[in-house]
Amino acid sequence: MQDNLVIVESPAKAKTIEKFLGKDFLVKSCYGHIRDLSKKYQLGVDIEHNFMPDYEVQADKKKLVADLKALAAQASQVWLASDEDREGEAIAWHLMEVLKLDPDKTKRIVFHEITKNAILHAIENPRSVDMNLVNAQQARRVLDRLVGFEVSPVLWKKVRGRYGGLSAGRVQSVAVRLIVEREREVLRFKSTSFFKVTGIFEPADGGEKFSLKAELSEKFADEASALHFLEQCKDATYIITGIEKKPSKKTPAPPFTTSTLQQEASRRFGFSVSQTMMLAQRLYEAGLITYMRTDSTSLSTMALKSAGEVIEKLFGKEYAKTRQYATKTKGAQEAHEAIRPAYIEKSYIDGTTQERKLYDLIWKRTVASQMADAQLEKTVVNISVSTAPQTFVATGEIILFDGFLKVYRSSDDDEQEEKTDSGLLPPLQNNQPLNAAEITATERFSPRPPRYTEASLVKRLEELGIGRPSTYAPTISTIIQRGYVAKEDRPGTPRPYVRLTLQAQRIDRETLTEIIGAEKAKLFPCDIGMVVNDFLKENFNDIVDYRFTASVEEEFDAIAEGAVQWNAMIEKFYTPFHENVDKTLRDSLPANAERYIGDDPKSGKPVFARIGRYGPLVQLGHNDDESKQFASIQKNQLIESITLDEAIKLFALPRTVGLYEGKEITTAIGRFGPYVRHDADFASLKKDDSPHTITLERAIELIEERRRKEKEKHIKAFASEGIEILNGRFGAYIACEGSNYRLPKGTDPAALTVEECRAIIEAQKAKTPAKPKAKKKKK
């Protein structure tokens, strides 16, 4: 047994650290937290005794804990090397408590990068567990448990028609509120149209040919005004009345924090927030980047020096400029570094395509942050119209010195460049006459508020001071898993617009069509999310209040700094909160979001939209009407916004499409979306299919495709024994009496006999004892 035992959170991190320490060190992983708040004892929190937490070792960690305890007893020194944030500090403290480690032979070490120098420096500079950081994490965990376990049962009782469990959480409820409020902004939004005028100009003096694009300084509110202006332009002359050149510069963005990395990876690569964090965790544990949960933009002296050397070597001395950025985030936590490469001289890594993409992004952003400003020259050209007071303006921008742009351009810069559409202008002179080759007035529309992406939601939460680097990814995952929010693509809808073109003294009018409102990976509130949000706003306003939630984060920060006692902070919150829980259970009205839409024009019966047992639905007829009908609301529809026409259309289903093999094919919308049915065969409709318009030929095609897949799935069956051999996602397996059994490696599934199947089933049953059935509670 080695003299030194080092305990970290993950096997990957252990493997990397092992390379830097000698044979006297044994590095083991505790696989994250080894214990959590109990679910058996009340809320896992002893409210009457100063909110003391009741922790229990997780069932799947008991053997691991026993093994670590035995290794710790044999070691002369134990090093707790979990991450340097509050969560890591709490893991180290739990290890101290559960393993009953001797403080005299236990040391806490921290590092923000897994490099040899960082590890050896940490070993040389150990410290004890920081109880202020531990208490800040405990306070967050206890508060979140109290909120979740006390409010969730209120939702179960008061929100009608929910299929499955509901939950509330301090940060998740605020995130849902942001998405719900943005959706309501979109629903209320009324777009207004205007006309934007652009012109293509050529030299009038017969000199060197060029084409100059310019935009009119004024937009017109209606078509008549735009047409009047074009009429004025028929006999106009155009002269350049001013050319102004202005020097400007662009400054590089600071190195990445957790949230800015999540935002940029989302915009550039379409990575989800959790996907970015998973990849960053891998890179960190492999010793390739610094710690990935940080809200600091600063770099160490060593990193600044290394970056400067790399820049001078690759691009020259004139490209290097050392910068240290100040962290502006509200309530920034412990003094970490920004996310950067562990070795800045390493511009390329081996790994998966996604890992390489993320590393390349981090490397470029870090290096660019230490490079010189880009020097630009912006030119603005004014063109007068002899017959009208308005002016055309052409803009251009050239790069005099590329500076940091040689390495990195943020996605925000790319978007801005697309909007300005500026580039190099042709040689021009003051008072130069021009001819208008073409002038176009195009109808445009005011843009509606954008729905949130994962990245823009993280940005907004950070701006409000809500949550911390470690909470963004789990918060978004939770609200999607709970069914409060859906992340999806949605197709756009056609919109007509008018274009007027003046060319060769003639004005042409066209009506064109564009697709608007197409959404890619956007966050949409679901009906149940809207109902829960409204109920919480009415009855638990503090929980969903932006300022209150941010102030709680500030109190956690104060606990981490040792300025506030964690138990006192919890008590100040809990007393009024618990009184409100009791009051809400006693006095509040049930919530359901039922909405009367209108009356069916044929039957005269009322149409309602509401949440039913299996999800949102529309109902034709009153509750006491024996002939009332129901239809499921589609995924892209909401109770709040569904129209009478849309609702009535849903009652047209199920629809008979036609006959096939002597039996009817029908189409309908079920719990999992639209489908076609033929006898006992069901097939889901594809993205471009509609249950209202699908043809018989297309329905047959889907049924046959489903049959082919089913045929490929079934390899063999022993009907009398209730055994089937099937093809699954991960290979062939045996299905018997509702359970599945893996086939041993090298087994030919088609050659198996019933006796061999039985033997495989029995062998696997022996390895995995059946779980005892839960006892039914007495009523």
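Biologist: What makes up the open sheet with the order 23-24-25-26, and is the pairing parallel or antiparallel?

Modeller: It has 4 strands, and the pairing is antiparallel. Strand 23 (655-660) and strand 26 (681-684) stand at the edges with a single partner strand each, so one side of each has no neighbour in the sheet. Neighbouring strands here are turned by 25 degrees against each other on average, direction ignored. Strands (E, at least two residues) and helices (H or I, at least four) are DSSP runs, numbered from the N terminus. This is a predicted model, where local features need pLDDT of at least 70, side-chain atom pairs count only at pLDDT 80 or more, and totals for chains, interfaces and linings use all residues. Residues are numbered from 1 along each chain as its sequence is written, and side-chain values use heavy atoms, with hydrogens and water left out.

Biologist: How do you know that strand 23 and strand 24 are joined?

Modeller: Two strands pair if DSSP finds at least two bridges between them. Strand 23 and strand 24 (residues 663-670) have 5 bridges and run antiparallel. They therefore count as a pair. Within strand 24, Glu 664 is the bridge partner of Leu 659.

Biologist: What is noted about the backbone of Glu 661, and where is its place?

Modeller: Glu 661 is not a glycine, yet its phi is positive, about 55 degrees. Its place is the loop between strand 23 and strand 24. Asp 679 also has a positive phi, near 60 degrees. That residue lies in the loop between strand 25 (673-678) and strand 26.

Biologist: What kind of peptide bond joins Leu 653 and Pro 654?

Modeller: A cis bond, with omega about 0 degrees. Pro 654 is in the loop between helix 19 (644-650) and strand 23.

Biologist: What makes strand 16 and strand 17 a hairpin?

Modeller: There are 2 residues between them, and Ala 504 in the turn has a positive phi of about 55 degrees. Strand 16 and strand 17 (residues 506-516) pair antiparallel over 11 bridges. Pro 496 stands opposite Thr 513. Strand 16 (residues 493-503) also pairs antiparallel with strand 14 (residues 433-445), over 4 bridges. There, Ala 441 faces Leu 500 of strand 16.

Biologist: Which edge strands does the sheet with the order 27-28-29-30 have?

Modeller: This open sheet of 4 strands has antiparallel pairing. Its edge strands are strand 27 (714-718) and strand 30 (739-742), each paired on one side only. The twist averages 25 degrees from one strand to the next. Inside it, strand 28 (residues 723-728) and strand 29 (residues 731-736) pair over 6 bridges. Leu 726 has Tyr 733 as its bridge partner in strand 29. Helix 20 (residues 696-713) lies across strand 27, strand 28 and strand 29, at about 60 degrees to strand 27. Such angles run from 0 to 180 degrees between N-to-C directions, using axes fitted to C-alpha atoms, for helices over the stretch in contact.

Biologist: Why is a set of points called a cavity?

Modeller: On a 1 Å grid over the protein atoms alone, a 1.4 Å probe fits in a cavity but cannot get out; a pocket is an open set with protein on both sides within 12 Å along at least five of seven lines, and lining residues have an atom within 4 Å of a point. The structure holds 3 cavities of 30 Å³ or more. The second largest has a volume of about 50 Å³, the space filled by probe spheres set on the points, which are joined across faces, edges and corners. Its lining includes Ser 167, Tyr 484 and Asn 533. Helix 15 (527-539) gives the most, with 4 residues. The lining divides into 5 nonpolar, 5 polar and no charged residues.

Biologist: What lining does the second largest pocket have by class?

Modeller: There are 14 nonpolar, 18 polar and 18 charged residues. Asp, Glu, Lys and Arg count as charged, Ala, Val, Leu, Ile, Met, Phe, Trp, Tyr, Cys and Pro as nonpolar, and the others, Gly among them, as polar. The volume of this pocket is about 1,500 Å³. Of its 50 lining residues, Asp 36, Glu 87, Arg 141, Asp 144 and Pro 474 are the closest to its centre. Helix 5 supplies the largest share of the lining, 10 residues.

Biologist: How do you know where pLDDT stays under 50?

Modeller: pLDDT is the predictor's confidence in each residue, from 0 to 100. The chain mean is 89, and 95% of residues reach 70 or more. Over residues 770-779 the value is below 50, with 0 contacts beyond near neighbours in sequence. Residues 330-335 also stay under 50, but have 19 contacts beyond four places in sequence. Contact means heavy atoms within 4.5 Å. Where pLDDT is low, predicted coordinates should not be read in detail.
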